Amino acid sequence: MTSDRELPGSEAIAVGMGVDPGVHPGAHVDEPTALPKFRGALQQAVRARDAEVRFGNRILWDHVDLDVVPGTFAAVLGPNGAGKSTLLKVLLGLQPLAAGRVEVLGAPAGRERRCIGYVPQRKSFDRTLRLRGIDVVRLGLDGGRWGVPVPGRANREARASVEEAVRLVSAEGFAQRPIGDLSGGEQQRLVVAQALVRGPDLLLLDEPLDNLDLANQGAVAKLIQRISRERGVTVVMVAHDVNPILPYLDQVVYVAAGHAVAGVPSEVITTETLSSLYGARVEVLRASDGRLVVVGAPEPPAVHSDRHAQ
Amino acid sequence: MSSVRQLLSYPFMVNALRAGTIVAVVSATMGWFMVLRRQTFAGHTLSLVGFPGAAGAILLGLSPAFGYFGFCGLAALVIGSADPQAGTSLYRQESAIIGTVQAMAIAIGFLFVGLYHGNLNGLTGLLFGSFLGITNAQVVALLVVAGCAVVVLGAIARPLLFATVDPEVAAAAGVPVRTLAVGFLLLLGVAVAETAQITGALLVFALLVLPPATAQVMTGRPALGVVLSVALAVGVTWAAVIAAYYTPYPTGAFITTLSFAAYALARGARLISERTRSTRPLAAAQIPA
């Protein structure tokens, strides 16, 4: 027994997200169009067991169990510094685990990188960057290939896929303009298109709503839900504030105090679940307009680094 | 027409145009990426270190070519490896290491010239180059090195563009962002070392920056941008070489002045078109910080 097990019932609350998609009404994996994409037997798009990440001797989080059902829209929530972005890096295979294992699209993390679309956390494109939005989208398709594209059938097909991705995020009106000239919401649509252009099975988005106003946050979340439904793409999105996106979510993963809880929003974002996650009394309040507010959550870095000292 | 024929009857003019064309093509393509990567300062430093390199080689009794390649290559490696973030992100300021290299390079350049008890003609040649008196062998050497540099750049063009615009996504897609950053600096160093032997340490920088910067003001399309950049550089160089033939003024002055005029015109034209066009509603243009 190590000191990091002092959180009472940490295993019990790390609920899986349910193998049966029928458990939550939002999950549309039973649609016939969505199923063939997942190579038959794939039960979980993401599956983590007892996963642990440490930086030096500081444990960021440990004993994390996670299941994300294919074709659903999951949000990763939690306070700053809790390790939400690191969770995405683990799924990409860019951050190795200290213990436990994680499978992405049925293979060890990092193996199926070609089937993953990734949108990192960013401020925005340099305002003076003179490159059209459509070129940025195109880089997502074949930007990693050597040589320059030559005119021909392959190039025409590539352009068709780029146009389709642009249409999917409703960016036809501004995709031809230099990306530096576009607004935050417009840029965000284009980077989502860049992540989608290769037809990924899994979309990892790191705070894509961060520098958008409230109206745009809801609009982009709705767009992502629509893409998830239409294409059967599994989406894991790190978000700062759950409220603007809550109506569109199928699942949430709450990362805090060195652990994580996963499940449907109505079960995870509750006073009981979050209190046992934090190991301290926190309260989830519902405002009159339906917004959820988490009150009394301790700041993670202080609590956590102390807890794992020695 | 007859004057053109007369001009081309001189082998030194033919070679000046040939060398100028090669220099223009390689600078314009390398420069397009350099400007896009916000590595103008690194490019400036790489151009300048050719000066102490050549001066040192002359002092030791070697061919200046050794000095150009040695110093430019070394500087590229120092800038690329001493600063782990060099060129890996658009959003990062270029580091003080580049400035340090540049200050040191200029100082030892003048030291070498001083030690050589150098004549001022040599100094002017190292800094401003000479388009006249280029031999056939020099043209061939220039063509081989420039050709290799452009072919390698073409091979890495797409991943380099990806790593420039979107380093994190590129890294996640398996693009070797860091290796490309150092590789590009090295390639730039080689190209600069070869072209600086013709254009001098100062003029190569004008061709590296001005035509690509002008092209990027004019278009946001990558392929069209590179083509425009090459066309501008070649056009300006030809005009300058011919103008220098009929006037007592040096080629470099014409190259720089013409390039600068093109840049100023492009900026002016874009400013006017933005003013008159501004169709976008203000609300959509505002990005909440």
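Which residues of chain A belong to domain 1, and which to domain 2? Domain 1 covers 3-112 + 202-210 + 232-307, and domain 2 covers 122-200; these bounds come from an automatic or database domain assignment. What you're looking at is a predicted model, in which local features need pLDDT of at least 70 and side-chain atom pairs count only at pLDDT 80 or more, while totals for chains, interfaces and linings use all residues. As for labels, residues are numbered from 1 along each chain as its sequence is written, and chains are lettered from A and ligands numbered from 1 in the order in which they are written.

**The two chains at a glance**

- Chain A has nine helices and twelve strands, where helices (H or I, at least four residues) and strands (E, at least two) are DSSP runs numbered from the N terminus.
- Chain B is built from twelve helices and zero strands, so reading from its N terminus you just get α-α-α-α-α-α-α-α-α-α-α-α.
- In chain A, 48% of the 310 residues are buried. "Buried" means that 20 or more other C-beta atoms lie within 10 Å of a residue's own, "exposed" means 12 or fewer, and "partly exposed" is in between, with C-beta atoms placed from the backbone.
- In chain B, 49% of the 289 residues count as buried.
- Now for contacts, meaning two residues whose C-beta atoms, placed from the backbone, lie within 7 Å. Taking contacts with a separation of 6 or more, residues 24 or more positions apart account for 69% in chain A and 76% in chain B.

**Where the parts touch**

- Inside chain A, the domains meet through four residues from domain 1 and four residues from domain 2.
- On the domain 1 side of that contact, there are four nonpolar, no polar and no charged residues. Here Ala, Val, Leu, Ile, Met, Phe, Trp, Tyr, Cys and Pro count as nonpolar, Asp, Glu, Lys and Arg as charged, and the others, Gly among them, as polar.
- Between the chains, the contact takes 27 residues from chain A and 27 residues from chain B.
- Helix 3 (133-142) and helix 5 (184-196) of chain A each bring at least two residues to chain A's side, and helix 3 of chain A gives the most, with four residues.
- That side of chain A is a mix by class: eleven nonpolar, eight polar and eight charged residues.

**The open sheet in chain A**

- Six strands line up in the order 6-7-8-3-9-10, with mixed pairing. Two strands pair if DSSP finds at least two bridges between them.
- At the edges sit strand 6 (116-119) and strand 10 (259-263) of chain A, each pairing on one side only.
- From one strand to the next, the twist averages 15 degrees.
- Strand 3 (residues 73-77) of chain A runs parallel to strand 8 (residues 234-238) of chain A, with four bridges joining them; Phe73(A) stands opposite Val235(A).
- Strand 3 of chain A is also parallel to strand 9 of chain A, again through four bridges, and Ala74(A) stands opposite Gln251(A) there.

**Zooming in on strand 9 of chain A**

- Why is strand 9 of chain A (residues 251-256) largely enclosed by the rest of the structure? Six of its six residues are buried.
- In a regular strand the side chains alternate between the two faces of the sheet. Here Gln251(A), Val253(A) and Val255(A) are buried on one side, and Val252(A), Tyr254(A) and Ala256(A) on the other.
- Five bridges tie strand 9 of chain A to strand 10 of chain A, and the two run antiparallel; one bridge pairs Val252(A) with Gly263(A).
- These two strands form a hairpin with two residues between them, and Ala257(A) in the turn has a positive phi of about 50 degrees.

**The nonpolar core**

- The largest nonpolar core has 182 residues, and Leu91(A), Tyr254(A) and Cys72(B) have the most contacts inside it. Such a core is a set of buried Ala, Val, Leu, Ile, Met, Phe, Trp, Tyr and Cys residues joined through C-beta atoms within 7 Å.
- Helix 9 (residues 177-218) of chain B supplies the largest share of this core, 26 residues.
- Domain 1 and domain 2 of chain A each add at least three residues to this core.

Technical notes:
Axes are lines fitted to C-alpha atoms, for helices over the stretch in contact, and angles run from 0 to 180 degrees between N-to-C directions.
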